[in-house]
Amino acid sequence: TANIKMSDTIGNEKRWATECLKDLQEDELEVRFITTDPDTAAYKATELFYQQGHSQTQPENLIDTRHLSENVRKKIKNDAQLVNMMPAGTKAEREKLCARLAIDLSFRCTAEVNQAHQRYPGDFEKLKTCLSYTVDAVVRCYMGSHELCKKHSFVCQGGSQHWIERSSVLPPDFIVCGTSDVETERKLRECVNLRLGPSVLIKTKLNTNTQKVESANQIMRRAMPSHTTFPAAFRGRCHSAVHATNYGSAESLARLCDGAGCSIAPGSSVAKALRSEQKIYNQKREYNRSERSILAKARKRQRMFDLYEELQDNEQYQKGMLLETEKVSKQHTKCEHCYSKKPKYT
């Protein structure tokens, strides 16, 4: 609202995408691929831009993998036929298991695609061929057979340490069991093809997403909250927020001071403080990208699911108490009277 007219619609994605295309054209850049949400109007802007003769390159629309995975999860969760195939006695238990299957299957398909891109970088035809066999392996894996995983899966090697055994979402003995193996296989294949089908793979052939854009939007909202308008300082606050994100707040401040001609004296207390803050920032960023962090998140996810099941069995669960229970559990393991015996949960 700081740089548009009062009569303009801030949610007009087509118009703002057209402005972005014009900015790129001024730098002699043309769009070859555009990655968007499945339900955005931004792609229409690039298509119209090409049809009107402003661009010599016909753009190709790709689907954001992050939004696609979430859409796949919702479709699997709401599949009534799949709910009836869950190994549970009551409808409520079957629905809970199906929701957990939807999360795990979305994780599995994403992991398969990511590993395939690492194995065959730049060779999309080879990748698509291999993932067509991976679909069979994933379907059989959730039916309890892991023989095909050894041959065609990128993330499950079968044996005793198969995918479901190591899953942080599903029980280790989970198996999809419908009225017949043929019907079960057909339904699971339908679910897996929502992400690994040929047409979907073509739409995500570069494996790109819009996470950096979403992150930039969050940074903008934090620097320029919607309840306040900054008509004079809008551009400066915008560029400063992006600069701090690219380099870290401490290094960004030092670079801006250098650019303004008032550099921070080396060895001063300010320089030492900024260097210390930048070191902490870099360490956190590297940790969040590390395998250790990924495993820690998986363990926490599993702990939260187990806590939920335990509270549900005791009929003590209330909305919002799960996080409080998790906090109490961590405090309990640090209690000086419990070092010799640390219970898994409180």
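**Exercise 1. Glutamate 183**

Decide whether glutamate 183 is buried, exposed or partly exposed in this predicted model, and state which residues glutamate 183 contacts beyond its neighbours within four places in sequence.

*Solution.* Begin with the relative accessible area of glutamate 183, which is 25%. Buried requires a value under 20% and exposed a value over 50%, so glutamate 183, at 25%, is partly exposed. Next, place the residue in the fold: glutamate 183 is found in helix α8. Finally, look for its partners, leaving aside neighbours within four places in sequence; glutamate 183 is then in contact with Gln81 and Met85. Although glutamate 183 and methionine 85 stand 98 residues apart along the chain, their C-alpha atoms are separated by 9.7 Å.

**Exercise 2. Tyrosine 142 and the largest nonpolar core**

Find the helix that holds tyrosine 142, classify the residue by its accessibility, and then describe the core to which tyrosine 142 belongs.

*Solution.* The residue sits in helix α6, and because its relative accessibility is 1%, tyrosine 142 counts as buried. With residues up to four places away in sequence not counted, tyrosine 142 touches a list of residues that includes Leu101, Asp104, Arg108, Trp163, Ile164, Phe174 and Leu188. For one of these partners, isoleucine 164, the separation is 22 residues in sequence and 7.6 Å in space, C-alpha to C-alpha.

The next step is to widen the view to the core. The largest nonpolar core has 42 residues, and Leu82, Tyr142 and Phe174 touch the most other members. Two or more residues come from each of α3 (65–77), α4 (80–83), α5 (91–119), α6 (124–142), α8 (181–196) and α9 (198–203), with α6 giving the most, at 10 residues. As a general background, nonpolar side chains in soluble globular proteins tend to be buried together.

Phenylalanine 174 can be checked in the same manner: leaving aside neighbours within four places in sequence, phenylalanine 174 is in contact with Met86, Pro87, Leu97, Leu101, Tyr142 and Ile164. Apart from the largest core lies another, of six residues, among them Met224, Phe230, Cys238 and Ala241.

**Exercise 3. The cavity**

Establish how many cavities of 30 Å³ or more the structure holds, and describe the lining of the largest cavity.

*Solution.* The structure holds one cavity of 30 Å³ or more, and the volume of the largest cavity is about 110 Å³. Its lining consists of 13 residues, of which Leu21, Glu30, Val31, Phe49 and Ser55 lie nearest the centre. The elements that contribute two or more residues to this lining are α1 (13–26) and α2 (42–51). Sorted by residue type, the lining divides into seven nonpolar, five polar and one charged.

Lysine 14, a residue of helix α1, can be examined alongside. At 36% relative accessibility, lysine 14 counts as partly exposed, and, not counting residues up to four places away in sequence, lysine 14 touches Ala41, Ala45 and Leu48. Lysine 14 and tyrosine 43 are 29 residues apart in sequence, yet 7.6 Å apart in space, C-alpha to C-alpha.

**Exercise 4. Backbone angles in two loops**

Locate glutamate 28 and asparagine 207 in the fold, and give the approximate phi of glutamate 28 and of asparagine 207.

*Solution.* The general expectation should be recalled at the outset: most residues other than glycine have a negative phi. Glutamate 28, although not a glycine, has a positive phi of about 60 degrees; it lies in the loop between α1 and β1 (33–36), and with a relative accessible area of 74% it is exposed. Asparagine 207, likewise not a glycine, has a positive phi of about 55 degrees, and its place is in the loop between α9 and α10 (211–223).

**Exercise 5. The protein as a whole**

Summarise the secondary structure, the buried share of the residues and the accessible surface.

*Solution.* Counting elements gives 15 helices and two strands. Of the 346 residues, 31% count as buried, while the accessible surface comes to about 22,100 Å², 51% of which belongs to carbon and sulfur atoms. Turning to contacts with a separation of 6 or more, residues 24 or more positions apart account for 61% of them.

Conventions: Residues are numbered from 1 along each chain as its sequence is written. This is a predicted model: local features need pLDDT of at least 70, side-chain atom pairs count only at pLDDT 80 or more; totals for chains, interfaces and linings use all residues. Side-chain values use heavy atoms; hydrogens and water are left out. On a 1 Å grid over the protein atoms alone, a cavity is a set of points where a 1.4 Å probe fits but cannot get out, and a pocket is an open set with protein on both sides within 12 Å along at least five of seven lines; lining residues have an atom within 4 Å of a point. Grid points are joined across faces, edges and corners, and a volume is the space filled by probe spheres set on the points. Helices (H or I, at least four residues) and strands (E, at least two) are DSSP runs, numbered from the N terminus. Ala, Val, Leu, Ile, Met, Phe, Trp, Tyr, Cys and Pro count as nonpolar, Asp, Glu, Lys and Arg as charged, and the others, Gly among them, as polar. A nonpolar core is a set of buried Ala, Val, Leu, Ile, Met, Phe, Trp, Tyr and Cys residues joined through side-chain atoms within 4.5 Å. Buried means under 20% relative accessible area, exposed over 50%, partly exposed in between (1.4 Å probe, protein chains only). Contact means heavy atoms within 4.5 Å. Accessible areas come from the Shrake-Rupley method with a 1.4 Å probe; for residues, only the protein chains shown count as cover.
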